[in-house]
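Me: I am new to this structure and should like to understand the terms applied to it. Please set each value against its definition.

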Amino acid sequence: GKATRHGGRAGAEGVALLLALMQGLGEGARNYRCRFGGLDLVLLDHDTLVFVEVRFRPDDAMVSAVQSISEAKQRRLVASAEHYLQRDGSNNTRDCRFDVIAIPGDEHHPVVQWLRDAIKA
């Protein structure tokens with residue numbers, strides 16, 4: 001059949017999650033929401049908790065996926081991650097990192113960028 005565009009935001013998160021699971025990461029949470037905003041994906045990379053911001057990027061976007069995340073947004077991500085950690089005390093001893101997964105707008109050239117440790121908490 002005709003290829004359909006992966007359904008925007010939710011589709012991009014699904015692609016990112018699939019990619020993570022294929023690479024052996026575990027799923028901690030999806031679409032975690034709190035008063036600070038929220039987290040698109042929380043993954044488990046062995047003993048490291050990975051907080052993922054999924055960016056859906058049209059191919060002609062002039063700024064990179066990481067550049068598109070404002071400092072205010074980064075602060076909200078860090079606050080959301082801290083909220084997630086406090087909610088579940090078992091995570092307190094884990095290492096954490098922030099990744100950005102950029103999904104391109106053109107599904108015919110789906111070069112997904114996975115930027116590990118993209119945001120420094």
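Reply: A salt bridge is a side-chain nitrogen of Lys or Arg within 4 Å of a carboxyl oxygen of Asp or Glu. By this rule, the count in this predicted model comes to six salt bridges.

Me: What makes K73 and E53 a salt bridge?

Reply: The N to O distance between the side chains of K73 and E53 is 3.7 Å. The cut-off is 4 Å, and the pair therefore qualifies as a salt bridge. K73 belongs to helix α2 (residues 71-87) and E53 to strand β3, so this salt bridge ties together parts that are 20 residues apart in sequence.

Me: Is E53 called buried or exposed, and why?

Reply: Buried means under 20% relative accessible area. E53 has a relative accessibility of 3%, and therefore counts as buried.

Me: How do you know that D117 and K120 form a salt bridge?

Reply: Their closest N and O atoms are 3.4 Å apart, and the limit is within 4 Å. Their surroundings can be classed as well. With a relative accessible area of 62%, K120 is exposed, because the term applies over 50%. D117, at 37%, is partly exposed, because this value falls between the limits of 20% and 50%.

Me: What makes R97 and D99 a salt bridge, and where does this pair lie, buried or exposed?

Reply: The side chains of R97 and D99 meet at 2.8 Å, N to O, which satisfies the requirement of within 4 Å. Both residues are buried. Salt bridges that share partners also join D45, R97 and D99 into one network.

Me: How many disulfides does the structure hold, and what would make a pair of cysteines count as one?

Reply: A pair of cysteine sulfur atoms would have to lie within 2.5 Å. A search of the whole structure finds zero disulfides. As for the cysteines themselves, C34 is buried because its relative accessibility of 15% is under 20%. C96, at 37%, counts as partly exposed.

Me: Why are β1 and β5 said to stand at the edges of the sheet?

Reply: The sheet is open and has five strands in the order β1-β2-β3-β4-β5, with mixed pairing. β1 (26-34) and β5 (113-119) each have a single partner strand, so one side of each is left without a neighbour in the sheet. From one strand to the next, the twist averages 30°.

Me: How do you know that β2 and β3 pair?

Reply: Pairing requires at least two bridges. Strand β2 (residues 37-45) and strand β3 (residues 48-57) have five, in the antiparallel sense; they therefore count as paired. L41 stands opposite V52 in β3.

Key:
Residues numbered from 1 in each chain as written. Predicted model: local features only at pLDDT ≥ 70, side-chain atom pairs only at ≥ 80, totals over all residues. Heavy atoms only, no water. Buried < 20%, exposed > 50% of the residue type's maximum accessible area, 1.4 Å probe, protein only. Helix = DSSP H or I, 4+ residues; strand = E, 2+ residues; numbered from the N terminus. Axes fitted to C-alpha atoms, helices over the stretch in contact; angles between N-to-C directions.
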